[in-house]
2 protein chains.
Amino acid sequence: MMQQIQENALIARLSALLPRSPEQVNGLHESDAEIVRFPGNEARLIAVTTDGIVEEIESGLYSDPYLVGWMTVMANLSDLAAVGAEPIGLLIAQTLPHGISDADLTSLQTGIRDACLQAGTTILGGDTNFSDHLQTTGTAIGLLSDTPPLMRVRCEPGEALYCSGPLGVGNAYAALRVLCRNDQDSFPYRPSARLREGNSLRSCASTCMDTSDGLFATLDQLGRLNGCGFSLDKPPEDIIAPEALQVAVATGLAPWMLLAAPHGEFELVFTVPSDRISILEQTAERTGWTPLRIGNTTREPGIAIQNRLALSPDELARIRNYPMNTAADRLAFPSFLAGLEARRDIDQTMTFH
Amino acid sequence: MMQQIQENALIARLSALLPRSPEQVNGLHESDAEIVRFPGNEARLIAVTTDGIVEEIESGLYSDPYLVGWMTVMANLSDLAAVGAEPIGLLIAQTLPHGISDADLTSLQTGIRDACLQAGTTILGGDTNFSDHLQTTGTAIGLLSDTPPLMRVRCEPGEALYCSGPLGVGNAYAALRVLCRNDQDSFPYRPSARLREGNSLRSCASTCMDTSDGLFATLDQLGRLNGCGFSLDKPPEDIIAPEALQVAVATGLAPWMLLAAPHGEFELVFTVPSDRISILEQTAERTGWTPLRIGNTTREPGIAIQNRLALSPDELARIRNYPMNTAADRLAFPSFLAGLEARRDIDQTMTFH
């Protein structure tokens, strides 16, 4: 089931040869960051994660060095957020193009700085290489105090499904870049790692994962790991951020496609058993944020959006395995999604378009 | 003084904009790994470091995927060794070429595995991207118990200078690759991080740094940081590993050039005050290794090899700033070194060649 997703199969293949630590708490795929018992102090856990900004630069999705710097920090902090860890700091390995301009270098570092300042964390160190291309790899180190960490496992059918905020801005940004060849970075894509939210979820959520690859990839992964599915009880319009919806209208995409495509918004998606919903509500209110209830976990696998669109694990695998970034035809992926929608015999009088 | 070295100036420039942690123990350049107080447990420190294998691949220095995997692990563990930390584990971010063969992928992962097994550590997780080039970035996380960490500062003139083993194999490997276009990886270049040695140095060494960039770069950096110089009281032949010496003979290089060029062997170089030499000897004997005494720290800056070759900080800066990897002319760097030697009016009847 996990291996049906090419990325999962690759990770399993790459990991198969490598020695694992007996101190590691999470199994493969089971959490957004790696969780390790701190030697000599069993009550505390370290969370670590590494994430490179490579394909986003090479595909042209990111061209502003400021955004590259920002995302190098935030993509990693978002993984810490999804396990409920508090950041200790980051390391940044940079591959810089020979002859990078002073302005671009300053912009890159300013993006890193601003993301750190917003998240209240720091850069501990790094490494620099020169090449013909720009590439960055961040590593975030975090701390978990003695309650259990948030992981992607385990939830049961019938639990409440939430996200930490409106979705779709990552794919709206990507749609403007890919479909409209917008290279002005005019769309305000500046995801923030939901550290405060993740930390407060440790007392109530059964599973948590960030939407770095978009909502559908997140739900599909959670579904495969937990042997369940998800029903969304709101139309996509009510889940998607207003500025992202405007992009859907402008580009002629159905709103749900902004949940299906793989460039995410780095919100947290999480499940809460019914008897812990009141804890969630109290904790969130105390820490100053509002969980967005979007549906439930189901025994039936896949994703159902009200009565309008249901995608099986096989169809979700086809979506996730679709090599969007390497496709020469920039319209291929939206056409593929439209084909899925058409086959579903959807009531076009509803608010899908 | 530090800024005379282009790499130091770049690191200072890149770091200037970034927020630093009040919990970080080391200042910029002051240690091989970043050392951070563990929140809530002041007696324990975390050591973290990141290092990418980029230029070594692009310049053709490394072409065997096994060696790339091995070095991704060892280069990072060597930084932990140089601060006396015990590894908790590593993260590996890989950029893989589209269509990488199964054999190459297995070889890459086997190199990572074997290096971990030799060092007694594990891979905690990673990240994978696809591109047109191979590139890897490792991050190592380690633990320091409550004695002070090893750092690059501070030593005084008149201390004893040691290394953890014979030198020159990194540059011998590079000489065969660059000068003889040897692409068979027939020279046995498999550095091992000196974790045991670094750990035992914490009770006696005043400074420590690994030779990832070769002996001269290491001594020059230590000299700039501590306002001192170094005299080597042995001829290069007595410091260099026998198999590396054979390469010097075969390629017509003076042995000292294997200490001067920038592809290192990942041994530890360290200084010991005279009243702690007996502690070093006892600790090393107990843990089963033999420190190699190579000279002393001096008030005079630069590096002197017996009475035969003396290099000022200016000359060392020219050596370190020489852009070896990007030079189109593969003979340019050895010629440049030979020019330095000739100007020194060296007694050619001695064992230099």
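Chain A of this predicted model is built from 13 helices and 12 strands. Its radius of gyration is 20 Å, close to the 20 Å that the globule rule gives for 353 residues, so chain A is as compact as a globular protein of that length. If you like to picture a box around the chain, the C-alpha atoms fill one of roughly 55 × 50 × 45 Å, taken along the principal axes.

Let us look inside that box. The domain assignment splits chain A into domain 1, residues 31-148, and domain 2, residues 150-353. Their C-alpha centres lie 23 Å apart, and the contact between them draws on 25 residues of domain 1 and 27 residues of domain 2. On the domain 1 side, the elements of chain A that give two or more residues are helix 3 (65-83), strand 3 and helix 4. Helix 3 of chain A supplies the largest share of that side, with 11 residues. As for chemical character, the domain 1 side divides into 12 nonpolar, eight polar and five charged residues.

Now for the sheet, which is worth tracing strand by strand. In chain B, seven strands form an open sheet in the order 7-9-6-10-8-11-12, and the pairing is mixed. Strand 7 (207-210) and strand 12 (309-311) of chain B stand at the edges with a single partner strand each, so one side of each is left without a neighbour in the sheet. From one strand to the next, the twist averages 20 degrees.

Strand 8 is a good place to see what mixed pairing looks like in detail. Strands of a sheet pair through backbone hydrogen bonds, in either a parallel or an antiparallel sense. In chain B, strand 8 (residues 229-232) and strand 10 (residues 292-298) pair in the antiparallel sense over four bridges, and G229(B) has T298(B) as its bridge partner in strand 10. Turning to chain A, strand 8 (residues 229-232) and strand 10 (residues 292-298) likewise pair in the antiparallel sense over four bridges; here F230(A) stands opposite T297(A). Strand 8 of chain A also pairs with strand 11 (residues 302-305) of chain A, this time in the parallel sense and over four bridges. Within that parallel pairing, L232(A) stands opposite I305(A) of strand 11.

With the single chain in view, we can bring the two copies together. In the interface, 47 residues of chain A are in contact with 47 residues of chain B. Several elements of chain A give two or more residues to this side, among them helix 1 (6-16), strand 2 (41-53), helix 4 (102-119) and strand 5 (135-144). Strand 4 of chain A gives the most, with nine residues. The chain A side divides into 21 nonpolar, 19 polar and seven charged residues. Strand 3 and helix 4 of chain A deserve a second glance, as they are listed for the side that touches chain B and also for the side of domain 1 that touches domain 2.

How are the copies arranged? Two copies of a chain are related by a rotation about an axis and a shift along it. Here, chain A can be laid on chain B with an RMSD of 0.0 Å by a turn of 180 degrees and a shift of 0.0 Å along the axis. That is the relation of a two-fold axis. The interface fits this picture: 100% of the interface residues of chain A are also interface residues in chain B, so the copies meet through the same surface.

Terms used: Residues are numbered from 1 along each chain as its sequence is written. Chains are lettered from A and ligands numbered from 1 in the order in which they are written. This is a predicted model: local features need pLDDT of at least 70, side-chain atom pairs count only at pLDDT 80 or more; totals for chains, interfaces and linings use all residues. Two residues are in contact if their C-beta atoms, placed from the backbone, lie within 7 Å. Ala, Val, Leu, Ile, Met, Phe, Trp, Tyr, Cys and Pro count as nonpolar, Asp, Glu, Lys and Arg as charged, and the others, Gly among them, as polar. Domain bounds come from an automatic or database domain assignment. Copies are superposed by least squares on the C-alpha atoms of residues with pLDDT of at least 70 in both. Two strands pair if DSSP finds at least two bridges between them. Axes are lines fitted to C-alpha atoms, for helices over the stretch in contact, and angles run from 0 to 180 degrees between N-to-C directions. The radius of gyration is taken over C-alpha atoms; the globule rule is 2.2 Å times the number of residues to the power 0.38.
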